[in-house]
Amino acid sequence: MADLTLITYDWVPRPPRGYVRDLRVRWALEEAALPYRVASTPFDDRGPAHLAHQPFGQAPWLTDGDLSIFETGAILLHLGGLSDALLPADPRGRSEATEWVFAALNSVEMASLPWTMLKFMAEPGSKFFDDFLKLRLKRMEMVLADREWLAGSFSVADILMADVLRVVDRFDGLTDSPACRDYVARATTRPAFAKAHADQMAHFAAADAGRNGA
């Protein structure tokens with residue numbers, strides 16, 4: 001197997017720690033027990049070397065040998081091709097999981113991201129964003145009311161969907177969505193999530209000593 005390297009920021013401010021999206025990749029790698037290492041890119045200097053791998057100046061990206069892959073959905077689908085622990089082996093199951101990967105990113109996160117950004121920045125709320133998110137959560141409640149995981153067995157679709165909903169839950173946005181809240185709880189009690197979360201927190205905390213005013 002080619003060498004897998006996860007590249008994330010060397011440091012981020014405290015508020016987003018535990019929610020930076022390299023956690024999604026760490027979680028998948030831990031679920032599949034794939035060997036990997038973590039490397040850093042400067043948070044403050046997102047220059048040409050960074051943009052060559054991630055054209056929007058974001059993190060993370062993953063290298064697999066001579067491949068460099070950005071966007072967490074693409075990264076998790078790539079890892080799913082390396083492990084049946086992340087994507088079902090049968091075509092029908094794989095197709096269903098892939099559908100939910102895109103649903104998490106395009107349908108649910110599209111609604112949750114504006115809402116959570118306002119919460120992170122302590123900005124006034126928006127009825128439009130509130131109603132948009134509530135509609136998506138209502139649909140997810142119907143889906144999750146009678147299933148443990150989105151595509152039969154746990155998959156990368158659940159990593160993405162649970163992480164999207166986890167940010168909403170941080171700001172008590174799942175109070176009226178018990179099936180979504182229980183789903184997030186199931187996902188985040190998995191040992192692979194606990195390891196990924198702890199590793200991300202330790203990674204960013206280790207850089208605090210080298211920064212003035214951190």
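**Why those labels? A chat about a predicted model**

Biologist: Why is D44 called exposed?

Modeller: D44 has 57% relative accessibility, and exposed means over 50% relative accessible area, buried under 20%, and partly exposed in between (1.4 Å probe, protein chains only), so D44 counts as exposed. This is a predicted model, where local features need pLDDT of at least 70, side-chain atom pairs count only at pLDDT 80 or more, and totals for chains, interfaces and linings use all residues. Residues are numbered from 1 along each chain as its sequence is written, and side-chain values use heavy atoms, leaving out hydrogens and water.

Biologist: Nice! What makes D44 and R211 a salt bridge?

Modeller: Their closest N and O atoms are 2.8 Å apart, and the definition asks for a side-chain nitrogen of Lys or Arg within 4 Å of a carboxyl oxygen of Asp or Glu. D44 and R211 therefore form a salt bridge.

Biologist: Why is R211 called partly exposed?

Modeller: R211 has a relative accessible area of 25%, which lies between the two cut-offs, so R211 is partly exposed.

Biologist: How do you know that D163 forms a salt bridge with R24?

Modeller: The closest N and O atoms of D163 and R24 are 2.7 Å apart, which is within 4 Å. D163 lies in helix α6 (residues 156-170) and R24 in helix α1, so the pair ties together parts that are 139 residues apart in sequence. Here, a helix is a DSSP run of H or I with at least four residues, numbered from the N terminus.

Biologist: Why does D163 count as buried?

Modeller: D163 has 1% relative accessibility, which is under 20%, so D163 counts as buried. R24, at 1% relative accessibility, counts as buried too.

Key. Helices (H or I, at least four residues) and strands (E, at least two) are DSSP runs, numbered from the N terminus.
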